[in-house]
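Dear colleague,

I am passing on the structure we spoke of, and I would be glad if you could look through it alongside the notes below.

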Amino acid sequence: MSSSLVSQHLISSKSSLGLRCWKSSSPSLILQQNTTMFKGEFKVSAREFNKIPSSLSLQTKKLCDDNDDDLQFHQQLMPKHIALIMDGNRRWAKAKGLQVYEGHKLITPKLKEICDVSSKLGIQVITAFAFSTENWKRSKEEVDFLMQLFEEFFNEFMRFGVRVSVIGCKSNLPITLQKCIALTEETTKANVEGLHLVIALNYGGHYDILQATKSIASKVMNGFLHVEDINMNLFEQELESKCPDLLIRTGGEQRVSNFLLWQLAYSEFYFTNTLFPDFGEKELKEAILNFQQRHRRFGGHTY
């Protein structure tokens with residue numbers, strides 16, 4: 001069979017799930033080694049193209065009806081660890097003519113909803129990006145508001161029934177917030193049977209890699225490690241977070257914004273235009289269903 005030219009425009013630029021497809025930049029568009037890339041198009045034989053699962057492209061068809069009862073999940077394909085970039089709070093508030101603080105206030109109820117749904121689905125870990133090392137650049141008024149909001153957040157989740165941990169450079173946070181975090185982590189550490197909620201606060205992927213490197217260098221200098229002992233497994237043990245199966249970013253942006261840079265190497269990415277205050281059970285389930293239609297190979301070749 002002669003080779004067929006498959007143009008990128010055959011893949012819808014916006015699926016029913018609000019996803020965008022940007023030529024070959026999507027981590028879902030993974031082609032065989034003999035694929036020829038040129039001018040935003042790829043050339044592949046029809047027989048080879050038919051072998052590529054639909055999960056290799058951002059979905060072009062509606063995966064489910066609006067009725068959640070129609071969702072068909074495969075428990076064995078359920079992501080164990082979901083990373084979440086909660087983007088769009090400010091834009092949501094501005095679109096409604098509200099102060100940006102009103103959007104931030106929805107972080108707590110929305111995360112409660114996501115945790116509740118995730119627990120029922122059997123997801124083990126949610127790592128939520130709450131405040132980056134770059135967010136200090138925002139106005140003092142907004143930063144002060146967020147620090148106070150986080151104290152209220154931890155007070156709420158202390159009684160929510162999930163284990164809560166915090167990653168990031170906590171020493172730069174206000175003392176009252178540090179105490180609140182310590183109390184929450186201590187109070188909830190016994191909740192080992194259910195969901196583990198990890199909050200990334202004053203966190204950045206660069207920071208995480210640097211602190212891991214410094215820790216290993218210190219151990220070598222003090223004779224606890226030999227240079228020959230350093231490998232990927234050892235390095236990952238020094239990082240503050242494990243590797244997620246799925247990264248969800250709300251708000252329409254398609255970048256990782258210095259979040260879990262090492263850990264996202266083989267994670268599946270899901271971008272949605274839905275702003276975080278509007279992201280709820282239905283949207284989370286759509287993201288998980290999309291994930292379950294992916295074909296994860298981790299560098300291997302299985303089709």
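What follows is a description of what was found, going from the whole chain to single residues.

Please keep in mind that this is a predicted model. The protein contains nine helices and nine strands, and of its 303 residues 48% count as buried. When contacts between residues at least 6 apart in sequence are considered, 76% of them join residues that are at least 24 apart.

One element to look at in some detail is helix 4, which runs over residues 107-121 and has 15 residues. From its first C-alpha to its last it reaches 21 Å, close to the 21 Å that would be expected at 1.5 Å a residue. The buried residues of helix 4 are Ile 107, Thr 108, Lys 110, Leu 111, Ile 114, Cys 115, Val 117, Ser 118 and Leu 121. As background to reading such a list, an α-helix has 3.6 residues a turn, so residues three or four places apart point the same way. After helix 4 comes Gly 122, whose phi is positive, near 90°.

Helix 4 also takes part in one of the salt bridges, which by the rule used here come to 18 in count. Glu 156 forms a salt bridge with Lys 112, and the closest N and O atoms of this pair are 2.6 Å apart. Because Glu 156 lies in helix 5 (residues 140-157) and Lys 112 lies in helix 4, the pair ties together parts that are 44 residues apart in sequence. Glu 156 counts as partly exposed at 33% relative accessibility, and Lys 112 is likewise partly exposed, with a relative accessible area of 22%.

Another salt bridge is found within helix 9 (residues 281-292), where Lys 285 and Glu 281 are four residues apart and therefore separated by about one helical turn. Their side chains meet at 2.8 Å, N to O. Lys 285 counts as buried at 13% relative accessibility, since the cut-off for that class is under 20%, whereas Glu 281 is partly exposed with a relative accessible area of 32%.

A further pair is formed by Lys 189 and Glu 186, with the closest N and O atoms 3.0 Å apart. Here Lys 189 is partly exposed, with a relative accessible area of 48%, and Glu 186 is partly exposed as well, at 46%. Beyond these pairs, Asp 245, Glu 268, Arg 294 and Arg 296 are linked in a network of salt bridges.

Turning to the pockets, the largest pocket has a volume of about 390 Å³. Its lining is made up of 18 residues, and those nearest the centre of the pocket are Met 86, Asp 87, Ala 130, Asn 135 and Arg 138. Two elements, helix 2 (89-95) and strand 5 (125-132), give two or more residues to this lining, and the largest share, four residues, comes from strand 5. Sorted by class, the lining has seven nonpolar, six polar and five charged residues.

Some single residues may also deserve your attention when you go through the model. Ser 241 lies in the loop between helix 8 (232-238) and strand 8 (246-249), and this loop residue is buried, with a relative accessible area of 7%. What is Ser 241 in contact with, leaving aside its neighbours within four places in sequence? The residues are His 81, Thr 127, Ile 167, Asp 208, Leu 260 and Gln 263.

Two residues other than glycine have a backbone feature to check, namely a positive phi, which is about 55° for Asn 202 and near 50° for Ser 257. Asn 202 is found in strand 7 (residues 196-203), and it is buried, with a relative accessible area of 3%. Ser 257, by contrast, has its place in the loop between strand 8 and strand 9 (268-271), and it is partly exposed, with a relative accessible area of 29%.

With kind regards

Key. Residues are numbered from 1 along each chain as its sequence is written. This is a predicted model: local features need pLDDT of at least 70, side-chain atom pairs count only at pLDDT 80 or more; totals for chains, interfaces and linings use all residues. Side-chain values use heavy atoms; hydrogens and water are left out. Buried means under 20% relative accessible area, exposed over 50%, partly exposed in between (1.4 Å probe, protein chains only). Contact means heavy atoms within 4.5 Å. The expected span of a helix is 1.5 Å times one less than its number of residues. On a 1 Å grid over the protein atoms alone, a cavity is a set of points where a 1.4 Å probe fits but cannot get out, and a pocket is an open set with protein on both sides within 12 Å along at least five of seven lines; lining residues have an atom within 4 Å of a point. Grid points are joined across faces, edges and corners, and a volume is the space filled by probe spheres set on the points. Ala, Val, Leu, Ile, Met, Phe, Trp, Tyr, Cys and Pro count as nonpolar, Asp, Glu, Lys and Arg as charged, and the others, Gly among them, as polar. A salt bridge is a side-chain nitrogen of Lys or Arg within 4 Å of a carboxyl oxygen of Asp or Glu.
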